[in-house]
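Trainee: I am new to this structure and would love a guided look at it. Could we go through it together, one question at a time?

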Amino acid sequence: MTIVESITYLNKVFKAKKWTDRDIDEYVFDNFCTLLDNLNERERELIIELVERYQWITSLEYQEKILSTLESVEDEKIEKLKTVYLFPIIKFEDEGKVKSGTFLMYQIKAFKKFLKKYSKVEFKYVTKFEYLTDAQFELKDNETLYLIDDYIGSGETLNDCLEELRKNKNITNDKLNIIAIAIQQHTSDLISKEGISIYAGYFSPKGLSDFNDSPIREEKIALMLEIEKLIPGGSHFSLGYNGCEALITLARTPDNTFPIFWMKHRIGKKYFDAPFSREETFEI
């Protein structure tokens with residue numbers, strides 16, 4: 001794929017995905033063009049293939065996405081509820097900081113009136129672990145706990161959060177519900193096996209491994225590893241943090257996404273900005 005062919009195709013992808021309507025679409029497109037120009041033909045083809053699978057969800061879409069996810073909970077489950085406790089998915093040491101889950105809880109609180117399925121359900125917003133880990137706290141039959149976040153990648157933060165909550169033996173897996181805008185499919189599968197309910201607007205597959213069989217899979221991963229050699233210090237996030245192979249940008253691009261999409265790359269002594277730089281896409 002020549003540079004002209006790749007940019008022409010990239011333009012079609014942007015239009016098909018309606019990315020041309022985004023505030024920073026020119027910045028993202030221009031940086032993609034630069035990246036493609038710095039790659040060889042096979043590498044360009046791989047990047048274009050991954051861009052077609054890429055999800056870009058801006059903070060302007062958060063309200064609609066999180067309310068839609070809440071509405072996706074089964075009717076029969078909601079009908080039995082009187083109270084839902086909402087808590088952000090955070091690590092204990094991040095308590096008190098404004099994280100994406102906290103931001104979403106503000107959104108839910110502001111627009112709860114639009115959740116018709118929950119008209120008879122009281123929402124209680126909790127921001128401190130100590131409220132839930134108190135030995136006296138116990139969820140009644142008509143109560144449940146919603147854990148909120150915009151995106152769940154490898155599940156590291158989620159597992160830390162669950163570990164802290166489980167200090168209260170009264171909080172059992174059947175009372176836990178994950179509410180997210182997006183989650184990695186692999187992580188969802190692992191958490192679901194524990195008996196925890198998961199609701200998300202998008203279940204993100206692995207960008208290469210889930211779309212290619214052997215030996216093509218290994219060949220494309222090897223090609224991506226070659227591309228990653230252009231990224232100074234990118235080895236820690238090779239194929240995305242914890243090998244997630246994510247292809248997603250939200251208010252901020254998670255480090256689970258292939259690093260070539262969000263980390264600067266270098267040719268000689270010159271550095272080039274990434275299309276979905278974590279600094280440029282940070283909106284919350």
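Mentor: Gladly! Keep in mind that this is a predicted model. A good place to begin is a pair of strands: residues 83–88 form strand S2 and residues 143–152 form strand S4, and the two pair in the parallel sense over 6 bridges.

Trainee: Which residue in S4 is the bridge partner of Pro88?

Mentor: Strands of a sheet pair through backbone hydrogen bonds, either parallel or antiparallel. Here S2 and S4 pair in the parallel sense. Within S4, the partner that Pro88 bridges to is Ile148.

Trainee: Which strands stand at the edges of the sheet?

Mentor: The sheet is open and has 5 strands with parallel pairing, in the order S3-S2-S4-S5-S6. A strand at an edge has a single partner strand, so one side of it is left without a neighbour in the sheet. That describes strand S3 (122–125) and strand S6 (197–204).

Trainee: How many degrees does the twist average from one strand to the next?

Mentor: Follow the order S3-S2-S4-S5-S6 across the open sheet. From one strand to the next, the twist averages 20°.

Trainee: What angle does helix H4 make with S5?

Mentor: Helix H4 (residues 62–71) packs on the sheet and touches S4, strand S5 (176–184) and S6. Comparing the direction of H4 with that of S5 gives about 135°.

Trainee: And at what angle does helix H6 run to S4?

Mentor: Helix H6 covers residues 100–111 and lies across S2, S3, S4 and S5. Relative to S4, H6 runs at about 120°.

Trainee: Is Thr187 buried or exposed?

Mentor: Thr187 is found in helix H9 (residues 185–192). Leaving aside neighbours within four places in sequence, Thr187 is in contact with Ile152, Gly153, Ser154 and Gly155. Its relative accessibility is 4%, and buried means under 20%, so Thr187 counts as buried.

Trainee: Let us turn to the cores. Which helix gives the largest share of the largest nonpolar core?

Mentor: That core has 34 residues, and those with the most contacts inside it are Leu10, Phe32, Ile47, Met224 and Phe261. The elements that give two or more residues to it are helix H1 (3–16), helix H2 (25–37), helix H3 (41–53) and helix H10 (216–228). The largest share, 6 residues, comes from H2.

Trainee: How many residues are in the other core?

Mentor: Among its members are Ile66, Ile78, Val84 and Met105. It lies apart from the largest core, and its count is 28 residues.

Trainee: Now the rings. Why is the pair of Phe237 and Tyr241 described as tilted?

Mentor: A pair of aromatic rings is described by the distance of the centres and the angle of the planes. Planes under 30 degrees apart count as stacked and those over 60 as edge-to-face, with the rest tilted. The rings of Phe237 and Tyr241 have centres 6.4 Å apart and planes at 50°, so the pair is tilted.

Trainee: Which residue is partly exposed in the pair of Tyr131 and Phe137?

Mentor: This pair is also tilted, at 5.7 Å centre to centre and 55° between the planes. Phe137 is buried, with a relative accessible area of 9%. At 42% relative accessibility, the partly exposed residue is Tyr131.

Trainee: Last one: which ring does the charged end of Arg278 sit over?

Mentor: The charged end of Lys112 sits over the ring of Phe123, 5.0 Å from its centre. For Arg278, the distance from the charged end to the ring centre is 5.3 Å, and the ring is that of Trp262.

Definitions and conventions:
Residues numbered from 1 in each chain as written. Predicted model: local features only at pLDDT ≥ 70, side-chain atom pairs only at ≥ 80, totals over all residues. Heavy atoms only, no water. Core = buried A, V, L, I, M, F, W, Y, C linked by side-chain atoms within 4.5 Å. Buried < 20%, exposed > 50% of the residue type's maximum accessible area, 1.4 Å probe, protein only. Helix = DSSP H or I, 4+ residues; strand = E, 2+ residues; numbered from the N terminus. Phe/Tyr/Trp six-rings, centres within 6.5 Å; stacked < 30°, edge-to-face > 60°. Lys NZ or Arg CZ within 6 Å of the ring centre and 35° of its normal. Pairing = 2+ DSSP bridges. Axes fitted to C-alpha atoms, helices over the stretch in contact; angles between N-to-C directions. Contact = heavy atoms within 4.5 Å.
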